[in-house]
Each structure stands twice: as C-alpha cells, then as structure tokens.
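Dear colleague,

I am handing over the structure we spoke about, and I would be grateful if you could keep it open while you read the notes that follow.

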Amino acid sequence: MNVVIWVQYDTAATPEKSKEQTFLRQAFGVLDNPKGSVNLVGVVESVPMPINRLNTIDKSELVNLDFDLALVTGHDVNLAPILREAAELGLDADKFILDRTVCLQGFTLEKYKELRRSKLSILSMGWWAGIAYHKLGLPVLSPTIGMYTSEEHFMNFLPEARWHLKKDLHFERTEYNGDLGINYPIFWLDGTQWFMNGFTNDADALEAWNERKDRINWANVLVTMHTSSPAVLERFDCLPYRKKVCFVPFETELESGFYLDPKLCGGNLLQAAEGVATGEVAAYDVWDLLLYGKKTPLK
C-alpha cells in the first residue's frame, strides 16, 4: 500500500494544543500490518513550515503520484475542508483518512470505505452523533449535532421523526451553562424541547438545524440514546428503525440494548456511551455498530 502523509496545521492552535500528541505513529502501525506492507511515498504540509525541515512535496504534485491512501495528521483536524481541497486538486477524496480514525479499534480500510459510501445519518439524544462524525471525519448528515434533549422528548420525537422535522423550530429562551461559560439557546420542535448547548446564539443554531435536517439520508439512519430504564429500552426496541442503539447499565437480550458498565467512566452512563464513539471505552466494535447496528463485543 502506497501512503502519503498529509500534515495539517491548525492556524488557531494554542501553545497547549501544540503540545498534544497526534495519532500518526499509532495509525501508521495499524496500516503497516503485516510489517512492511506500507510504502511511504510522500509527505505534504498544508502550510509549509520552514522550521520543520521536512522532506515534503508540493500538494499539486499529488495528482501525478501513485498512492492508495492519504493519512491526515494534526491537532484535532477537521477533514471536510481538506476533502474540498483534494477535490479542487483533482484528487480522489475517498483516499483521505484521519489518523485518529485509523486508531479506532476494529478499523479496516474496507469498513472505513463502506461507511463513507453509506452516507450515514445519526439521530442521537445527545452529543453522540457529533462525536462520532468528528472522530471518523464523516460528513454531517444529521441536525442533532451540538444539542441534547431528554429521554421523554427523544422518545416522543423518534416514532415520527420525519414528520416532526418538517415543522419549524421555535426559540424559547437562552440559558447559561457554567461549565462551558456560555449562554445557549433552547428551542421547541412540535412538542419536543432541544437544548442547543453547542451554539451561543439562536440564529446560528437555527441555521445549522435547517441546513442539516435537509441532508438526512433516510435510507440509512442510525438512532442512538442511553437510558437506565428497562421500560424505555423496551419502547425504544420497538421503534421502526433498522439500526438502533440504546446504551444501558444492565444486561439485556433485546437487540437494540447495548450493555455498558458505568464503572468504566466513574458511574456516568453518558460518558461511557460517548466513550464508545471515541474509542476510549472498548466495549463494542464501533464499525459494526455504525454500519449494521450490530452488537459486536470487542475482545
């Protein structure tokens, strides 16, 4: 496999961020299995940095280079603008992948490409969808990013989600979040309440919601939530979705119930659920979960 390393610099990086480790070494090790199967054919810097003295090639030369994969590394990189730049350069955007994505346990190039082609839409009760999209560098095809709602309201929303999303959001009020240090907007949608704490004003939240709800791929939807209630899980399991995942702190035989031991995250079920998306909680194969809604335990 011929691999190019694309080094992406964050122009807004703080001194603290610059000290963070990238996943490049670990990702290269995953790809180079068996050892010697990867051939490094070039290094590209998004913004040439003379002090680095890297042996790099210009991005424009990639169009004439035979490579199978471009491994993107950097500090908390957003893949979307890189894919746009790749397309402008006449490159195959499907060859670009984040180093943090490669490091997710269970990664295979085949599953990654299948997931990218699947155009997955994730509807989640909280930040799970946004975390998964970010970790995997996938296009955001869901409006439920940077927000959360309650179990009750999410369960009222899901049975007729397609219908509810045809209705307009109505701004209610702003609320202060001391942990984030921001005021964020709260909206109502056809009887369900949404706390948009990923935004600092109602105009941005409304714009993002309206843009993203039109991108939903109803042919491939995954719905996710977490609950400590067996009754809520039973209702969730009956929902008309082919792929549905509910993280619970108890053993269950229901197909949509994904047991997590909250002790993995200090007794916090929400953090444990989000840890599955980030790879910090090695409980289930996140690739099988996203592709098929399948409950595949990690060894």
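**Aromatic rings and charged side chains**

Trp128, Phe247, Phe258 and Tyr284 are joined into a cluster by ring pairs. Please bear in mind throughout that this is a predicted model.

I begin with the aromatic side chains. Twelve aromatic pairs are counted in the structure. One of them is formed by tyrosine 148 and phenylalanine 195, whose rings are stacked, with 5.0 Å from centre to centre and 10 degrees between the planes. Tyrosine 148 sits in the loop between α6 (128–136) and α7 (151–157), while phenylalanine 195 belongs to strand β8 (residues 192–195), so this pair ties together parts of the chain that are 47 residues apart in sequence. As for accessibility, tyrosine 148 is partly exposed, with a relative accessible area of 30%, whereas phenylalanine 195, at 14% relative accessibility, counts as buried because the cut-off for that class is under 20%.

A pair from the cluster named at the start comes next, that of phenylalanine 258 and tyrosine 284. Their ring centres are 5.0 Å apart and their planes stand at 65 degrees, so the pair is edge-to-face. Phenylalanine 258 is part of strand β11 (residues 257–259) and tyrosine 284 lies in the loop between α11 (269–278) and α12 (286–292), which means that the contact ties together parts 26 residues apart in sequence. Both phenylalanine 258 and tyrosine 284 are buried.

Phenylalanine 258 also has a charged neighbour, since lysine 295 lies over the face of its ring, at 5.6 Å from the ring centre. A second arrangement of this kind is found at phenylalanine 67, where lysine 95 lies over the face of the ring, at 5.0 Å from its centre.

I turn now to the salt bridges. How many salt bridges does a search of the whole structure find? The search finds eight of them, and I describe some of these below.

Glutamate 85 forms a salt bridge with lysine 59, and the closest N and O atoms of the two are 2.5 Å apart. This pair links distant parts of the chain, given that glutamate 85 is in helix α3 (residues 79–88) and lysine 59 is in the loop between β2 (39–45) and β3 (69–74), 26 residues apart. Glutamate 85 counts as partly exposed at 24% relative accessibility, whereas lysine 59 is buried, with a relative accessible area of 18%.

Arginine 116 forms a salt bridge with aspartate 94, with 3.9 Å between the closest N and O atoms. Here too distant parts of the chain are linked, with arginine 116 in helix α5 (residues 109–118) and aspartate 94 in the loop between α3 and β4 (96–98), 22 residues apart. Of these two partners, arginine 116 is buried, with a relative accessible area of 16%, while aspartate 94 is partly exposed, with a relative accessible area of 39%.

A further salt bridge brings together the side chains of arginine 173 and glutamate 175, at 2.7 Å from N to O. Arginine 173 is partly exposed, with a relative accessible area of 31%, and glutamate 175, at 27% relative accessibility, also counts as partly exposed.

Finally, salt bridges link Lys111, Asp285 and Asp288 in a network.

With kind regards

Notes:
Residues are numbered from 1 along each chain as its sequence is written. This is a predicted model: local features need pLDDT of at least 70, side-chain atom pairs count only at pLDDT 80 or more; totals for chains, interfaces and linings use all residues. Side-chain values use heavy atoms; hydrogens and water are left out. Rings of Phe, Tyr and Trp (its six-membered ring) pair if their centres lie within 6.5 Å; planes under 30 degrees apart count as stacked, over 60 as edge-to-face and the rest as tilted. Helices (H or I, at least four residues) and strands (E, at least two) are DSSP runs, numbered from the N terminus. Buried means under 20% relative accessible area, exposed over 50%, partly exposed in between (1.4 Å probe, protein chains only). A charge sits over a ring if NZ of Lys or CZ of Arg is within 6 Å of the ring centre and within 35 degrees of the ring normal. A salt bridge is a side-chain nitrogen of Lys or Arg within 4 Å of a carboxyl oxygen of Asp or Glu.
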